[in-house]
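Here are some exercises for getting to know a new structure, each with a worked solution. Try each task yourself before reading on.

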Amino acid sequence: MNSVKRKRLNRVVEVKAEYPNKQVGIVPEIEDFRYDKNEAKPSTSAKRIPASSSVREVKRESSPFDISKAELNSVQRKRLNRVLEVKEEYPNKQVSIVPDIEDFRYDKFEAKASTSTKRVLSSSSRNSSPARLEKTIRVSSAVKVKVGAPENWEAVLGGIKSMRLSGEAPVDTMGCEKAGSLLPPKEKRFAVLISTMMSSQTKDEVTHAAVERFSENGLLDPDAIVRTDVATLANLIKPVGFYQRKAQFIKEASKICLERFGGDIPDSLADLLALKGVGPKMAHLVMSIAWKNTQGICVDTHVHRISNRLGWVFREGTKQKTTTPEQTRMSLEKWLPKDEWEPINPLLVGFGQTICTPLRPKCDRCGINSICPSAFKESSSPIPKQKKRGLGRT
């Protein structure tokens, strides 16, 4: 204790002697809170106050920074030990622990985000401390858009039906539903399956001609196809797209029809989809045409393209166009009446073959160009390639 402190303590003793009932204490200096390891005595640990007895003597009114010793780190433990030493030497001295900056630290792992705005307390809230750090977290959630039927879909559909009355599209005379039209029901179903498997990424005219060649060679029969080698089948269906792979798939499907279905074709979507080379579009088409059991909309490239041009379909929960035929099918089935599911395919396919073509759509000839959101937005008379090459040259 230095001279200044000694004088202060002597003055306190004098005042207490003169005024016994007066509360007198020593104002702590900042130096009193500094821990000097040179002043530490070897028996310091022995002089620490036991939890069973001395705690009651040291105990004071609850401080906002009271914390359990078990939760302290090494630095905080040294501070507490120093406070206990000071209290032992000066029992009447008011001493408390200065809060550490760590007590105000925000623990991000305790913050639980939710879809609404939520206040998150720091880790110090566990220590019954009033000093709390609050942080506002805003969590954005995806907004799902409920998509219903387009406002003018009936007028648009009626206009397309009127334009399709002429029946001049290739699908009207050479579509898959025309395959084996003169054959008995069982043989006709098989012809529809074979025609559908050939039709992928192939024009109706090419598919129809390949089916006719199969018919001329007596190959619209599963047993005859199984007994024919793949190379012969491939040459007969050429130039159908991917004709070699399709020839292999057709032979495998014919074998399954013989072994599992008695020479007939599968009568369920699951069994049809199990055949190699048969996708959702083909399966739904076969179910509708062959079995008269429409379980979904057959969406090919024409239906997919036109539905997006008309603004009829959107990706799930958004207002964005669909990117695959399967997305288009699911979107259409949510609002299109079921009695329109079967006719919508040949209707839009023929419309896409004649007027709403992939390139250079004939919007000037379209009867619904006044209500179509995509009318006249695609060039109908592109610049020839030779002229494009000459642009910018002198």
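The exercises below go from the whole chain to helix pairs and then to single residues of this predicted model.

**Exercise 1. The whole chain**

Task: Find out how many helices and strands the protein chain has, and what percentage of its residues is buried.

Solution:
- Step 1. Start with the secondary structure: the protein chain has 17 helices and two strands.
- Step 2. Turn to burial. Of the 394 residues in the protein chain, 37% are buried.
- Step 3. Now look at contacts between residues at least 6 apart in sequence: 54% of them join residues at least 24 apart.

**Exercise 2. Helix 7 and helix 11**

Task: Work out how the directions of helix 7 and helix 11 relate, and which residues make the contact.

Solution:
- Step 1. Locate the two elements: helix 7 covers residues 185-199 and helix 11 covers residues 243-261.
- Step 2. Their axes come within 10 Å and cross at roughly 155 degrees.
- Step 3. Angles over 145 degrees count as roughly antiparallel, so helix 7 is roughly antiparallel to helix 11.
- Step 4. Add the handedness: the crossing of helix 7 and helix 11 is right-handed.
- Step 5. List the partners. Helix 7 brings F190, L193, I194, M197, M198 and S199, while helix 11 brings K246, F249, I250, A253, S254 and C257.
- Step 6. Sort the residues of this contact by type: nine are nonpolar, two are polar and one is charged.

**Exercise 3. Helix 14 and helix 15**

Task: Do the same for helix 14 and helix 15, and say at what angle their axes cross.

Solution:
- Step 1. Helix 14 spans residues 301-309 and helix 15 spans residues 325-333; their axes come within 9 Å and cross at roughly 60 degrees.
- Step 2. That angle makes helix 14 oblique to helix 15.
- Step 3. The crossing of helix 14 and helix 15 is left-handed.
- Step 4. V303, H304, S307 and N308 of helix 14 meet P325, T328 and L332 of helix 15.
- Step 5. By type, the contact of helix 14 with helix 15 has three nonpolar residues, four polar ones and no charged ones.

**Exercise 4. Helix 14 and its two ends**

Task: Decide which residues of helix 14 are buried, then see what lies at its start and just after it.

Solution:
- Step 1. The buried residues are H302, V303, H304, R305, I306, S307, N308 and R309.
- Step 2. Eight of the nine residues of helix 14 are buried, so this helix is largely enclosed by the rest of the structure.
- Step 3. The buried residues of helix 14 pack against helix 15 and helix 16.
- Step 4. At the start of helix 14, a side-chain oxygen of D300 comes within 3.2 Å of the backbone nitrogen of H302.
- Step 5. Just after helix 14, G311 has a positive phi of about 75 degrees.

**Exercise 5. Two buried residues**

Task: Is N308 buried or exposed? Is T228 buried or exposed? Describe the surroundings of each.

Solution:
- Step 1. Recall that buried means under 20% relative accessible area.
- Step 2. N308, which sits in helix 14, has 8% relative accessibility and therefore counts as buried.
- Step 3. Leaving aside neighbours within four places in sequence, N308 is in contact with V313, K321, T322 and T328.
- Step 4. S374 is 66 residues from N308 along the chain, and their C-alpha atoms are separated by 9.0 Å.
- Step 5. T228 lies in the loop between helix 9 and helix 10, and its 15% relative accessibility means that T228 counts as buried.
- Step 6. The side chain of T228 reaches the backbone oxygen of A224 at 2.7 Å.
- Step 7. Not counting residues up to four places away in sequence, T228 touches L219, L233 and K251.

**Exercise 6. Backbone features in the loops**

Task: Find which peptide bond is cis, and what sign phi has at K292 and at R360.

Solution:
- Step 1. Keep the background in mind: most residues other than glycine have a negative phi, and most peptide bonds are trans.
- Step 2. The peptide bond from K238 to P239 is cis, with omega near 15 degrees. P239 is in the loop between helix 10 and helix 11.
- Step 3. K292 has a positive phi, near 55 degrees. This residue lies in the loop between helix 13 and helix 14, and at 64% relative accessibility K292 counts as exposed.
- Step 4. R360 has a positive phi near 55 degrees. R360 lies in the loop between helix 16 and helix 17, and at 44% relative accessibility R360 counts as partly exposed.

Note on methods: Residues are numbered from 1 along each chain as its sequence is written. This is a predicted model: local features need pLDDT of at least 70, side-chain atom pairs count only at pLDDT 80 or more; totals for chains, interfaces and linings use all residues. Side-chain values use heavy atoms; hydrogens and water are left out. Axes are lines fitted to C-alpha atoms, for helices over the stretch in contact, and angles run from 0 to 180 degrees between N-to-C directions. Helices (H or I, at least four residues) and strands (E, at least two) are DSSP runs, numbered from the N terminus. Angles under 35 degrees count as roughly parallel, over 145 as roughly antiparallel, 65 to 115 as roughly perpendicular and the rest as oblique. A crossing is left-handed if the near helix is turned anticlockwise from the far one by less than a right angle, and right-handed if clockwise. Contact means heavy atoms within 4.5 Å. Ala, Val, Leu, Ile, Met, Phe, Trp, Tyr, Cys and Pro count as nonpolar, Asp, Glu, Lys and Arg as charged, and the others, Gly among them, as polar. Buried means under 20% relative accessible area, exposed over 50%, partly exposed in between (1.4 Å probe, protein chains only). A polar contact is a pair of N or O atoms within 3.5 Å; within protein, one must be able to donate a hydrogen and the other to accept it, and residues adjacent in sequence count only if both atoms are side-chain atoms.
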